[in-house]
Amino acid sequence: MENNSFPYQIEDLPQEQAEHLMKYLKGELTGFVRVGPKGYFFPHKYKNEAADIYNMPLRPSDIFISSYPRSGTTWTQELVWMVANNLDYAKSNEIPLTERYPFLEFCMCVHPVMAERFKAENSGSERKLKLLELVTQRGTAQLATTPSPRFVKTHLPMSLLPPTLLDTCRIVYVARDPRDVIVSFYHLNRLMRTQGYVGDLKTFFNFFIKDLHHWTPYFEHLKEAWNLRHHPRMLFLFYEELAKDLPAAVRRVAKFLNKNYSDEEVTRLCDHLSIENFKNNKSVNYDVMKELGISVSGEQSFIRKGKAGGWRDHFDEEMTLQAEQWIAENLRDTDLRFPHLEN
Ligand code: A3P
């Protein structure tokens, strides 16, 4: 029999607050929830997924990539997949990242009304309907039939993943300066119709630091993984570390996965992973979301600037100060430090 226990309370966000947020997040039409003592924030459909994710059967060969959104997940996914799969460029090219890595909880972001809309819009093509089914189906169901070794993408914090995860399989967590995350997530929330964000950056910023965006509170998310960073089955990376010295990051991942590659192989992989190549690589650039109409068409893309510190071009003085205080407050009770912010 399925184990359906889930240790945390899931509470609906008060109706008035939810309605206010839904004026900005047009892709959600029912409401939101907060989960457990840390109050993780999700769309209401998380309720349907929580227990199945928490109790999902794991396999020793599973590799999870976890992060707060826009922290370099896609970059890390391709890096890890390539390192784990003996640098199989042909296969990486042939099978899109979305198929190589089921996104564990993405279905919670697809409101039933939006799901019907996407289906209707793609009804002229069997191929597109199949693709749509693939990217919007329940991650746990998809993973149950995925052959080993499985690669899993998730933005869930450690506490909402199966509690035996680190006893069983491996996880690579990637973190990024939250100011860059905010700018990047703002663009993504405008891009994805599942989110349908219609406000400006400043409003988005204020929701974010009040833990009113999917998968926040941001710092709780990071700290949960940070506190497990010495576990032999956990590798904790920073986006800024990849940006500064990608070959060194590749070597860290290789060591973690017990692989050994020559300098030439590492150089070639770093070239494959460069932002320029990523933008044009259909296997990793999420253009499939545009093709299916899940993201809006136009200039913006899932792979964007790929720069560390780009937030400076977008924050006004007030936001810069607010962010500084917010970061300082949240780092006070922890030894979590962003390497690029250390002197
Ligand atoms: P920006 O929006 O700041 O450009 P995620 O994959 O977690 O959603 O993170 C997306 C962020 O990583 C985006 O940041 C994206 O441009 C950046 N990114 C994706 N691929 C990259 C690469 N190969 N090199 C550097 N940054 C990359």
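A residue counts as buried here if 20 or more other C-beta atoms lie within 10 Å of its own. Keep that cut-off in mind as we walk through this predicted model, starting with a strand in which it applies to every residue named. In strand 2, Phe-32 and Arg-34 point one way, Val-33 and Val-35 point the other way, and all are buried. In a regular strand the side chains alternate between the two faces of the sheet.

Strand 2 belongs to an open sheet of three strands, in the order 1-2-3 and with antiparallel pairing. Strand 1 (10–12) and strand 3 (40–43) stand at the edges; each has a single partner strand, so one side of each is left without a neighbour in the sheet. From one strand to the next, the twist averages 30°.

Let us look at the pairings one by one. Strand 1 and strand 2 (residues 32–35) are antiparallel and pair over three bridges. Ile-10 has Val-35 of strand 2 as its bridge partner, and Glu-11 has Arg-34, also in strand 2. On to the other pairing: strand 2 and strand 3 are joined in the antiparallel sense by four bridges, and Val-33 is matched with Phe-42 in strand 3. These two strands make a hairpin with four residues between them, and Gly-36 in the turn has a positive phi of about 65°. Helix 2 (residues 46–54) lies across strand 1, strand 2 and strand 3, and runs at about 35° to strand 2.

Now turn to the other sheet. Here four strands form an open sheet in the order 5-4-6-7, and the pairing is parallel. Its edge strands are strand 5 (151–154) and strand 7 (234–238), each of which pairs on one side only. The twist in this sheet averages 20° from one strand to the next. Strands of a sheet pair through backbone hydrogen bonds, either parallel or antiparallel.

Strand 5 deserves a second look. Strand 4 (residues 63–67) pairs with strand 5 in the parallel sense over four bridges, and the bridge partner of Ser-66 is Thr-154 in strand 5. Along strand 5, Phe-151 and Lys-153 point one way, whereas Val-152 and Thr-154 point the other way; all of them are buried.

Helix 3 links this sheet to the nonpolar interior. The helix lies across strand 4, strand 5, strand 6 (170–175) and strand 7, running at about 160° to strand 4. The largest nonpolar core has 75 residues, of which Val-80 and Ile-182 touch the most other members. Helix 3 gives the most to this core, with seven residues. Leaving aside residues up to four places away in sequence, Ile-182 touches Phe-204, Phe-205, Phe-208 and Trp-311. Apart from the largest core lies another one, of ten residues, among them Phe-118, Leu-131, Val-135 and Phe-302.

Helix 3 also takes us to the ligand. Helix 3 (73–84), helix 10 (178–191) and helix 16 (275–280) each supply at least two residues of the shell around the ligand. Which of the 19 residues around the ligand come nearest? They are Thr-73, Thr-74, Ser-184, Arg-304 and Gly-306. Sorted by class, the shell contains six nonpolar, nine polar and four charged residues.

Two residues round off the tour. The first stop is Arg-190, which is found in helix 10. Is Arg-190 buried or partly exposed? With 19 other C-beta atoms within 10 Å, Arg-190 is partly exposed, because being buried takes 20 or more. Arg-190 and Ile-63 are 127 residues apart along the chain, and their C-alpha atoms are separated by 30 Å.

The next stop is Ser-301, in the loop between helix 17 (287–291) and helix 18 (317–331). Ser-301 is partly exposed because 15 other C-beta atoms lie within 10 Å. Not counting residues up to four places away in sequence, Ser-301 touches Lys-279 and Asn-285. His-214 is 87 residues from Ser-301 in sequence, and the two are 20 Å apart in space, C-alpha to C-alpha.

Methods: Residues numbered from 1 in each chain as written. Predicted model: local features only at pLDDT ≥ 70, side-chain atom pairs only at ≥ 80, totals over all residues. Buried ≥ 20, exposed ≤ 12 C-beta atoms within 10 Å, placed from the backbone. Contact = placed C-beta atoms within 7 Å. Near = placed C-beta within 6 Å. Nonpolar A, V, L, I, M, F, W, Y, C, P; charged D, E, K, R; others polar. Pairing = 2+ DSSP bridges. Axes fitted to C-alpha atoms, helices over the stretch in contact; angles between N-to-C directions. Core = buried A, V, L, I, M, F, W, Y, C linked by C-beta atoms within 7 Å.
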